[in-house]
Amino acid sequence: MTAAAAPALKMQRRSLYPGWFYLPAAVVYSVLFLAPTFASLYFSLTRWTLFDATFIGFDNFAQFFREPFLIQGLVNTVIYAVVTSGLKVVIGMALAVMLTSQIMARGYLRSVIFFPVLVSTIGVGMTFTVLMHPTQGMINQALALFGIAGPGWLVDPKLALFSVALVDVWKGVGLATVIYIAGLVAIPKDYYEAARIDGATRLQNFIYVTLPLSRPATATVITLSFIGGLRTFDLIWAMTKGGPGFASDTVASVIYKQYQAGFYGLSTAGNVVLFILIAVLVVPLTMFLNRKQGHE
Amino acid sequence: MRSRGSIIGGVAAIAATFVVFVIPFLFIILMAFKDKQQSALRDFSWPNGFHLWDNLYEVVKTRNWMMITAFINSSLITVVSVTLLIVLAAMVGFVLARRKTRWNGLIEFLILAGLMIPPAVVPTIWLLQGLKLFGTLHGMILIQVAYNLPFSIILYRAFIATIPRELDEAAVIDGARPLDVFFRIILPLLWPVTVTNIVVQSVGIFNDFTNPLYYLPGNQNATVQLTLYNFQSQFSTAYNLLFTNIMLITIPPLIVFMFFNRQIVAGMTAGAVKG
């Protein structure tokens, strides 16, 4: 390449990869996502009717940490995210190990476990609301056949949030499973070969080979389901609407309720709280999960 | 060659997944075949007669044929927003993968932010009202594009990084104009990841409940997910109709799943291996 050709090629590269390709996406994203996000920082500090906003400082946030039902929503959100992502990691991993072994009917198993991921969340929520009815629900009727008195899944305030979380796991574990399968399949066979020569048992195989080497998959599953759990709204809305009382309210359902009630400033403050909650919990979590290990 | 233990394990796995994952769907189907009295019992029993057609007709014509409107609205939103998403995300992914500038860091930060940050609902409504887009299908479409761009861009960027850069330069030497390089050389090569994008995003947008609930109020704007609330009232729920409705809106994802199983899994597990 001659010296004169270099700038010409650079020019050409510039038009080959034109900066204006960013433009349409950037406009849509900035106007409809970024602008409202920045606006929310201001409006969360106001009493707001959509037509005029009165600046009231941190009153909305103070209310968020004073009203017991709002605090409960905050606590519930974290519990829900921890429970669902924890269960999805454990069950997803177990199912993936099973599905990558020499098991019969692998195609059937994989499809059946994955399909709920694609089904309408509201549809799933309404179906399980019927199945979980304390007396007429199929789950408790089936338990009664074994002489077990089933609990009041969605009507018991202590249990409602966990019941919804269980349905979330039912619907979402297929995604965790296929992510784990992709991770497990990518582990080079040499490691298992070496472990076999060293006389490792199946349990040792799992603990010393599978578990550490599927770490990227674990990081993906935890991050995805944790963020999803913190933001969850539709399943809770379809099953309990936050009830009984406020027992299964999450920040996202509080945001909707305050919006419906016309407390737009408070609703927006809820959005900011959720945003901060996600930032405070998820950023350190992903940094911890993706940290480089010593030998890498 | 299979040991007895593994056969027992296999049968146990099939039985367990059948109870946990298949029976709820069978329950939905059985309910859709029942009449109102029998469905009110909400048990797992064989239908007393064949009422599927009656139920379907009833579901479709409820509230002035709302189901038809809803299917049209949902299909329109899904098709248009996925088309826009694909073109916009491929353009961004292409330049982002090819051109390294000091802006790349910022753009990647914005993409991650878009995946994590929950949208600020009321300010968005306020803004849409100002733009005269609130409660319109165009507004809903643009919202879906804005919210789903980050995921599509990530899929495209990862794929474009695997296409050798020399291809672009060879095309230029052969006389392709700069825009042709993208639209006639690169875009067709992206077909596999485009299919993945179409499938994953369509299912997500078709199933979306929260965003239409906030940004698309009004009966004439109903989407399919909202029709599920037609048969629920505090005093009496027509369970046969509710479950017929659930079955009806499960069919599109089922069809997608049967034909594009591999692409869906590929799209949803992207990034699991590399991390």
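Start with chain A of this predicted model and compute its radius of gyration over C-alpha atoms. The value is 25 Å, whereas a compact globule of 296 residues would come out near 19 Å. Keep the C-alpha atoms of chain A selected and align the view to the principal axes: they occupy a box of roughly 80 × 65 × 35 Å.

Next, colour chain A by secondary structure. There are 14 helices and two strands. Switch to colouring by burial, and buried residues account for 43% of the 296 residues in chain A. A contact map of chain A is a useful companion here. Of the contacts between residues at least 6 apart in sequence, 70% link residues at least 24 apart.

Now select residues 74–285 of chain A. The UniProt record, an unreviewed entry, assigns the feature "domain: ABC transmembrane type-1" to this span. Helix makes up 74% of residues 74–285, and strand makes up 0%. Pick the C-alpha atoms at the two ends of the span; the distance between them is 18 Å.

Then show chain B and select its contacts with chain A, taking C-beta atoms within 7 Å as the cut-off. On the chain B side 66 residues are involved, and on the chain A side 69. Which helix of chain B gives the most residues to the side that touches chain A? Select residues 4–33 of chain B: this is helix α1, and its contribution is 11 residues. Finally, colour the side of chain B that touches chain A by residue class, which gives 47 nonpolar residues, 13 polar ones and six charged ones.

Note on methods. Residues numbered from 1 in each chain as written. Chains lettered and ligands numbered in written order. Predicted model: local features only at pLDDT ≥ 70, side-chain atom pairs only at ≥ 80, totals over all residues. Contact = placed C-beta atoms within 7 Å. Helix = DSSP H or I, 4+ residues; strand = E, 2+ residues; numbered from the N terminus. Nonpolar A, V, L, I, M, F, W, Y, C, P; charged D, E, K, R; others polar. Rg over C-alpha atoms; globule rule 2.2 N^0.38 Å. Buried ≥ 20, exposed ≤ 12 C-beta atoms within 10 Å, placed from the backbone. UniProt positions renumbered as here; feature names shortened; annotations may be inferred.
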